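The report below goes through a single protein chain, beginning with one acidic residue and its surroundings and then turning to the fold and the salt bridges. Please read it alongside the sequence and the structure shown here.

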Amino acid sequence: MNSFSRFKAEYGQMDEELILNWTEAFFFNLMNVLNSFLSHLDIGEAVSRLRAIPFDELVTEQLEGESEETIRIAVARINELREMELEFMDAYR
């Protein structure tokens, strides 16, 4: 891990809230981009394609150089957000 982390609070401690905020912003920015493509598909196809996107790999790539704990927290949160989005979309089927 680099000595510099964007998720460190005072005294060099990891700030989980910063990680969660970053993950949520990353997810919603990504969904804004994806929605411009997914909106042209029927809901079943959109859900299928969204399920195929490796959100965990995208987060891991973006957080290269951060601690394993930081990546673990971010991956868990993005998977939660993805599942909530899929449940929401499934409700419209």
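## An acidic residue and its patch

In this predicted model, Asp-56 belongs to helix α3, which covers residues 55–62. With a relative accessibility of 32%, Asp-56 is classed as partly exposed, because that category takes in values between 20% and 50%. Asp-56 also takes part in a surface patch of negative charge, where it gathers with Glu-57, Glu-61 and Glu-64. Membership of such a patch requires over 30% relative accessible area and no salt bridge, and the 32% of Asp-56 can be read against that cut-off.

## Overall architecture

The protein chain contains four helices and zero strands, and its elements, read from the N terminus, follow the order α-α-α-α. Taken along the principal axes, the box filled by the C-alpha atoms has dimensions of roughly 50 × 20 × 20 Å. Of the contacts between residues at least 6 apart in sequence, 66% join residues that are at least 24 apart.

The protein chain has 93 residues, of which 34% count as buried. Its accessible surface amounts to about 6200 Å², and carbon and sulfur atoms account for 51% of that area. As for charge, the chain carries 8 positive and 19 negative charges, and the mean positions of these two sets lie 4 Å apart.

## The loop between α3 and α4

Gly-65 sits in the loop that runs between α3 and α4, the latter helix spanning residues 68–90. A relative accessible area of 27% makes Gly-65 partly exposed. Computed along the sequence, Gly-65 and Ala-76 are eleven residues apart, while the distance in space from C-alpha to C-alpha is 18 Å.

Which residue forms a salt bridge with the side chain of Glu-66? The partner is Arg-6, and the N to O distance of this salt bridge is 3.8 Å. Because Glu-66 lies in the loop between α3 and α4 whereas Arg-6 lies in the segment before α1 (16–38), the pair ties together parts of the chain that are 60 residues apart in sequence. The two partners fall into separate burial classes: Glu-66 is buried, with a relative accessible area of 11%, and Arg-6 is partly exposed at 41%.

## Salt bridges involving arginines 77 and 82

Seven salt bridges are found when the whole structure is searched. In one of them, the side chains of Arg-77 and Glu-24 meet at an N to O distance of 3.0 Å. This pair links distant parts of the chain, since Arg-77 is in helix α4 and Glu-24 is in helix α1, with their positions 53 residues apart in sequence. Arg-77 is counted as buried at 18% relative accessibility, a value under the 20% limit for that class, whereas Glu-24, at 24%, is counted as partly exposed.

A further salt bridge joins Arg-82 to Glu-83, with the closest N and O atoms 3.9 Å apart, a distance that falls within the 4 Å cut-off applied to such pairs. Here the arginine, Arg-82, is buried at 15% relative accessibility, while Glu-83 is partly exposed at 33%. Some salt bridges share partners, and in this way Glu-24, Arg-77 and Glu-80 are joined into one network.

Definitions and conventions. Residues are numbered from 1 along each chain as its sequence is written. This is a predicted model: local features need pLDDT of at least 70, side-chain atom pairs count only at pLDDT 80 or more; totals for chains, interfaces and linings use all residues. Side-chain values use heavy atoms; hydrogens and water are left out. Patches are made of residues with over 30% relative accessible area and no salt bridge: like charges are joined within 9 Å, nonpolar side chains (Val, Leu, Ile, Met, Phe, Trp, Tyr) within 5 Å. Accessible areas come from the Shrake-Rupley method with a 1.4 Å probe; for residues, only the protein chains shown count as cover. Lys and Arg count as positive and Asp and Glu as negative; His and the chain ends are not counted. The place of a charge is taken as NZ of Lys, CZ of Arg, CG of Asp or CD of Glu. Helices (H or I, at least four residues) and strands (E, at least two) are DSSP runs, numbered from the N terminus. Buried means under 20% relative accessible area, exposed over 50%, partly exposed in between (1.4 Å probe, protein chains only). Contact means heavy atoms within 4.5 Å.
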